[in-house]
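Grab your viewer and work through these exercises one at a time. Try each task before you read its solution.

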Amino acid sequence: MIILNGSKSTTLGEKIAIALGVKFEDVTTRVFPDGETYVRINTDVKGRDAVIIQTMFPNQNDSLMEFLLIADTLKDMGALKITGVVPYLAYARQDRRFQPGEALSIKTIAGLMKSVGIDRLITIDTHYQHVKPGEFDLFGIPCVNLSAGPLLLEHIKEKVDQDLMTIGPDLGSLEMVKYATGEGMILKKEKRCPICGKPATECKCRIKKKKYEITEIESEYDFSRKNVVILDDIIASGGTMIKAAKEVKSGGAKKVIAAATHGLFMKDSLIQLKELTDYLVVTDSISTPVSNVSVAPLIVKVLKKGFDS
Ligand code: R5P
């Protein structure tokens, strides 16, 4: 087996190769002056199983293009089984046609991956399939969705406190919270239309999904004097986590801890969350200043199992 990385996952790729004791190939990538992507594989892959490690943030489209070019080149060079490891799978949130005529983006992504010879995909806490950990079929590609929830909680127990209460900030985090804690405690998030004022689920204004505003996050739990971990799959704009942290704090929590698998931290949400919480942590699925938990052990376990059998 050989591990190859795209430009977005160099450190993670190295960690995985070291843990598996296999050859690591740093693929040459660059961007032409006109913005096109260049890729070159500098080693012989003929007759070998190959694993491409490439997360898809920042610059989702460029990261995807690099990934596709690497896979297709590997196939042309005679690699055997090609596994894609994409810790943050871009476009997974567009997993339905929320409005008529919308692209089902994740289906298109899966089709492209299939066309360049991806045999199997490993991803982490993907939003597709409502973050249920386990194996699933991604439009014809066998896929494993791992969950970083247990690793994040282990880390928080070591760094902050053993005694934790863990909740999800909304329905989207339910499966991840259940998997990590065995319980499904979540807050209620309400999104309303800025035009008609109705909840997003009842609104007929046909505005873009992202334009709905989070108006309230409510809780039925007692946070007083508790160390509360708010666990989610993704911090994107940060709106959900910020509102949840405020709710938990105003509920009297002793410590507020924000934890997520993928830290996109758009705009100033990283700064805001650092100020609001006692501890903030995400994984290295995307490299950020608070990526203090590595997803490498999860990936290594699956690669060992899959290729040994
Ligand atoms: C939603 O269901 C997800 O679990 C996340 O809570 C959400 O996507 C986070 O997005 P943002 O940071 O933009 O509020």
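**Exercise 1. Find how far apart the centres of domain 1 and domain 2 are, and describe what lies between the two domains.**

Solution. Start with the distance: taken over C-alpha atoms, the centres of domain 1 and domain 2 are separated by 28 Å. A quick note before going on: the model is predicted, so local features need pLDDT of at least 70 and side-chain atom pairs count only at pLDDT 80 or more, while totals for chains, interfaces and linings use all residues. Residues are numbered from 1 along each chain as its sequence is written, and side-chain values use heavy atoms, with hydrogens and water left out.

Next, the bounds, which come from an automatic or database domain assignment: domain 1 covers 2-147 + 294-308, and domain 2 covers 149-187 + 219-284.

Now count contacts (heavy atoms within 4.5 Å). On the domain 1 side 17 residues take part, and they touch 15 residues of domain 2.

Then take the buried area, meaning the accessible area (1.4 Å probe) that two parts lose on being put together, summed over both. Domain 1 and domain 2 bury about 1,500 Å² between them, with 64% of it on carbon and sulfur atoms.

Last, look at polar contacts: pairs of N or O atoms within 3.5 Å, where within protein one must be able to donate a hydrogen and the other to accept it, and residues adjacent in sequence count only if both atoms are side-chain atoms. Across this interface, 8 residue pairs qualify, both residues at pLDDT 80 or more.

**Exercise 2. Which side chains meet in a salt bridge at 3.3 Å, N to O?**

Solution. Apply the rule: a side-chain nitrogen of Lys or Arg within 4 Å of a carboxyl oxygen of Asp or Glu. The count by this rule is 3 salt bridges. One pair links distant parts of the chain, 269 residues apart: Lys15 sits in helix 1 (residues 10-20), and Asp284 in the loop between strand 15 and strand 16. Lys15 and Asp284 are the side chains at 3.3 Å. Between domain 1 and domain 2 the count is 1 salt bridge.

**Exercise 3. Work out the strand order of the 7-strand open sheet and say why strand 2 and strand 8 each have a side without a neighbour.**

Solution. Helices (H or I, at least four residues) and strands (E, at least two) are DSSP runs, numbered from the N terminus, and two strands pair if DSSP finds at least two bridges between them. The order reads 2-1-5-6-7-9-8, with mixed pairing. Strand 2 (23-26) and strand 8 (134-138) are at the edges with a single partner strand each, so one side of each has no neighbour in the sheet. From one strand to the next, the twist averages 25 degrees; axes are lines fitted to C-alpha atoms, for helices over the stretch in contact, and angles run from 0 to 180 degrees between N-to-C directions.

Zoom in on the edge: strand 8 pairs with strand 9 (residues 141-146) in the antiparallel sense over 5 bridges, and Glu135 is opposite Val144 in strand 9.

**Exercise 4. Describe the 5-strand open sheet.**

Solution. Its order is 10-13-14-15-16, and the pairing is parallel. Strand 10 (165-167) and strand 16 (291-293) are the edge strands, each pairing on one side only. The twist here averages 35 degrees from one strand to the next. Strand 15 (residues 279-283) and strand 16 share 2 bridges, and Thr283 has Val293 as its bridge partner in strand 16.
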